[in-house]
Amino acid sequence: MMSRSKIKDAFQFIKCLNSKKIINYTKLRLSFHISNLVHKNYHKGDAFSVSIEPTTSCNLSCSECPSGNKAFSRPTGKIDKIFFYSVIEQLKNHLVYLTLYFQGEPFLHPDFFEMVKFARKNNIYVATSTNAHFLTEKNAELTVKSGLNRLVISLDGIDSETYKIYRKGGNFNTVLQGIRNLCNAKKQMNVSHPFVILQFIVFATNEHQIDDIKRLGKELGVDEVQIKTAQIYDYENGNPLIPEYQKYSRYKKLDDGKYIIKKKIKNQCSRMWQSAVICWDGRVVPCCFDKDAVYQLGNLKNQTFSEIWKNQAYNAFRDQIIKNRKSIDICCNCTE
């Protein structure tokens, strides 16, 4: 049974729909299923959801994150607010779900709240993800007032010692206080948004705390606790971060000691039919697994989104997904 907060959140999402957006989504789903049936790219409709990257900057140095490790080969920076507005203007008639996050810590962008407000004014459901180090009382209040619909907060441990193993440079108590600030702001303003998800990524270092994080989530008053498997870049020869608990591991160990992805990589991916990722500098890439923007499909600084969405490069990528997804390296560590 759905909780009251989930029902309210679902209602907020439904309010962002209209007949035109529903028809568009139907086209996307039908073309996706037809493509899978005939084993050839067939695509109709406009993007239903996108991720836009506010900034590549981050205050932490998490070991499996190119942003935290300053390991990008692509340019780093933050999105221009006016450029962001122009992108939303292009997308607003068909866009339903905006993830205002890709790499980096979104709350470090000086215009973050203004960008959320602008998207919300255009009837778009807005979500983001944060490490919660900037949820001061003031920012918690601004977060609620911005109209943000969903906020994912990363907390990979129930104590300081466990938390800082992966979230290098982070402060466990600061995160807890940030969560409390946000939940208190929601109560004071008597609103249900944003829907707060406490995300716990399972590593070997914290897998013994899965039950504890669920209890902590209840104590803090979040709307949901989400247990997530970890993406490990160098997993083939093993990695000290890979958990032993198979239920929460993307990888399994073979008899020869090597590791492989547990989930079979099928020649299909719904993301490529209905969503895209826009980097801070306008580069459009297939999905959030292309963290270094290797598969650039166009740039919004000199093309419209519609031109990119329907261009030869995008359709060739979709066709490769249908025919031989394993040949695309970013797909080989994906659970889609």
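Mentor: Before we start on the helices: axes here are lines fitted to C-alpha atoms, for helices over the stretch in contact, and angles run from 0 to 180 degrees between N-to-C directions. Helices (H or I, at least four residues) and strands (E, at least two) are DSSP runs, numbered from the N terminus.

Trainee: Thanks! What should I know about the source?

Mentor: This is a predicted model, where local features need pLDDT of at least 70 and side-chain atom pairs count only at pLDDT 80 or more, while totals for chains, interfaces and linings use all residues. Residues are numbered from 1 along each chain as its sequence is written, and side-chain values use heavy atoms, with hydrogens and water left out.

Trainee: Got it. At what angle do the axes of α4 and α5 cross?

Mentor: Roughly 15 degrees, and the axes of α4 (residues 112–121) and α5 (residues 137–146) come within 9 Å. The two helices are therefore roughly parallel to each other (angles under 35 degrees count as roughly parallel, over 145 as roughly antiparallel, 65 to 115 as roughly perpendicular and the rest as oblique).

Trainee: And which residues meet there?

Mentor: From α4 you have Phe113, Val116, Lys117 and Arg120, and they meet Asn139, Leu142, Thr143, Lys145 and Ser146 of α5. Contact means heavy atoms within 4.5 Å.

Trainee: Switching topic: how many disulfides does the structure hold?

Mentor: Zero, with a disulfide being a pair of cysteine sulfur atoms within 2.5 Å.

Trainee: Why is there no bond for Cys58?

Mentor: Because the closest cysteine sulfur, in Cys65, is 6.1 Å from the sulfur of Cys58, too far for a bond. Cys269 is in no disulfide either, as its nearest cysteine sulfur, that of Cys334, is 5.9 Å away.

Trainee: Is Cys269 buried or exposed?

Mentor: Cys269 is buried, at a relative accessible area of 7%, whereas Cys58 is partly exposed at 21%. Buried means under 20% relative accessible area, exposed over 50%, and partly exposed in between (1.4 Å probe, protein chains only).

Trainee: Nice. Where is Ser49 found?

Mentor: In strand β1, residues 49–52. Ser49 counts as buried, with 16% relative accessibility. Not counting residues up to four places away in sequence, Ser49 touches Leu95, Tyr97, Gln274, Ser275 and Ala276.

Trainee: Last one: what about Lys214?

Mentor: Lys214 lies in helix α8, residues 210–220, and counts as partly exposed at 38% relative accessibility. Its C-alpha is 9.2 Å from that of Phe200, and the two residues are 14 apart in sequence. Leaving aside neighbours within four places in sequence, Lys214 is in contact with Val225 and Ile227.
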